Amino acid sequence: MNRHIAIYPGSFDPFTNGHMDIVRRGLEIFDTIIIAAAKNSEKNSLFSVAERVAMIRELVADNPRVKVETFDGLLVDYVVSKEARVILRGLRAVTDFEFEFQLAQMNHIVCEQVETLFMMTSPACAYLSSSIVKEVGRLNGDISSFVPPLVADRLHEKFRQQEP
Ligand code: ADP
């Protein structure tokens, strides 16, 4: 078991400055972070999992300590397959707590050696979620302070394609 790797799972549809903040701070604690985009989040997503992974890879390309992958099926199985034992998650408001609490408990019951570690959001990112970014972007609002420029470009492109 590798104690220096953290798996950071999520939908990342799309990756926001809030996600980046967790990765940046996580790297202060862990040697390697594997950002793992869930394949099963494909159904209601704006970007395909391949598009999301390609975007995130571009964003972290200059940091060899960050890897980007996809996973399917049970998260704990994926974590164990990477010989890791830590799942890294971010917490924003109290509203995140209930869901994250359930998920962490379940994962720990399914696989005792896997622990979930939570990092509190930075105040600057507390209101930020992928869904709010999509909502504002869809309505042509300014999303430049919520996502990296690359993601803003891809979002605008996606919404242009969707126009009738
Ligand atoms: P999921 O669909 O699994 O919740 P998300 O892509 O929405 O995946 O988020 C992945 C993780 O990042 C979650 O733990 C979520 O709470 C966290 N996260 C998302 N946005 C922020 C933010 N602004 N600040 C801190 N953590 C965040």
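**Group meeting: the ligand site and a few backbone details**

Four elements, β1 (2-10), α1 (17-26), β4 (84-91) and α4 (94-110), each give at least two residues to the shell around the ligand. Before I go on, please keep in mind that this is a predicted model.

I'll start with the ligand. It sits in the largest pocket. There are 16 residues around it, and those that come nearest are Y8, S11, F12, G90 and C125. If you sort the shell by class, you get six nonpolar residues, six polar and four charged.

Now the polar contacts. Which side chain has an N or O atom 2.7 Å from an oxygen atom of the ligand? That is Y8. On the nitrogen side, T121 has an N or O atom in its side chain at 3.0 Å from a nitrogen atom of the ligand. C125 takes part through its backbone: a polar backbone atom of C125 is 2.8 Å from a ligand nitrogen. As for cover, the ligand on its own has 550 Å² of accessible area, and the protein covers 86% of that.

Next, the loop between β1 and α1. F12 is in this loop, and I have already listed F12 among the residues that come nearest to the ligand. Is F12 buried or exposed? Its relative accessibility is 3%, so F12 counts as buried. The backbone of F12 also deserves a look. Most residues other than glycine have a negative phi, and most peptide bonds are trans. F12 is not a glycine, yet its phi is positive, at about 50 degrees.

The second half of that general statement matters for the same stretch of chain. P14 is also found in the loop between β1 and α1. The peptide bond that runs from D13 to P14 is cis, and its omega is near 5 degrees. When you look at the model, check both places in that loop: the phi of F12 and the bond from D13 to P14.

There is another positive phi elsewhere. N140, again a residue other than glycine, has phi near 65 degrees. Where is N140? It lies in the loop between α5 (130-138) and α6 (149-162). N140 has a relative accessible area of 64%, and is therefore exposed. So the two positive phi values come with opposite surroundings, since F12 is buried and N140 is exposed.

Back to the elements I opened with, one residue at a time. In strand β4 we find R89. With a relative accessibility of 17%, R89 counts as buried, because the cut-off for that is under 20%. What does the side chain of R89 reach? One of its polar atoms lies 2.9 Å from the backbone oxygen of P9.

In strand β1 there is H4. Its relative accessible area is 46%, which means it is partly exposed. H4 is 25 residues from I29 in sequence, and their C-alpha atoms are 8.2 Å apart in space.

Helix α4 holds F99. At 48% relative accessible area, F99 is partly exposed too, as the exposed class begins over 50%. How far is F99 from A54? Along the sequence the two are 45 residues apart, and from C-alpha to C-alpha the distance is 28 Å.

To close, the points to look up on the screen are the side chain of Y8 at 2.7 Å from a ligand oxygen, the cis bond from D13 to P14, and R89 with the backbone oxygen of P9.

Definitions and conventions
Residues numbered from 1 in each chain as written. Predicted model: local features only at pLDDT ≥ 70, side-chain atom pairs only at ≥ 80, totals over all residues. Heavy atoms only, no water. Near = heavy atom within 4 Å. Polar contact = N/O pair within 3.5 Å; in protein donor to acceptor, adjacent residues only side chain to side chain. Areas by Shrake-Rupley, 256 points an atom, 1.4 Å probe, with all protein chains shown as cover. 1 Å grid on protein atoms, 1.4 Å probe; cavity = no way out; pocket = protein on both sides within 12 Å on 5 of 7 lines; lining within 4 Å. Sits in = over half its atoms within 2 Å of the grid points. Nonpolar A, V, L, I, M, F, W, Y, C, P; charged D, E, K, R; others polar. Buried < 20%, exposed > 50% of the residue type's maximum accessible area, 1.4 Å probe, protein only.
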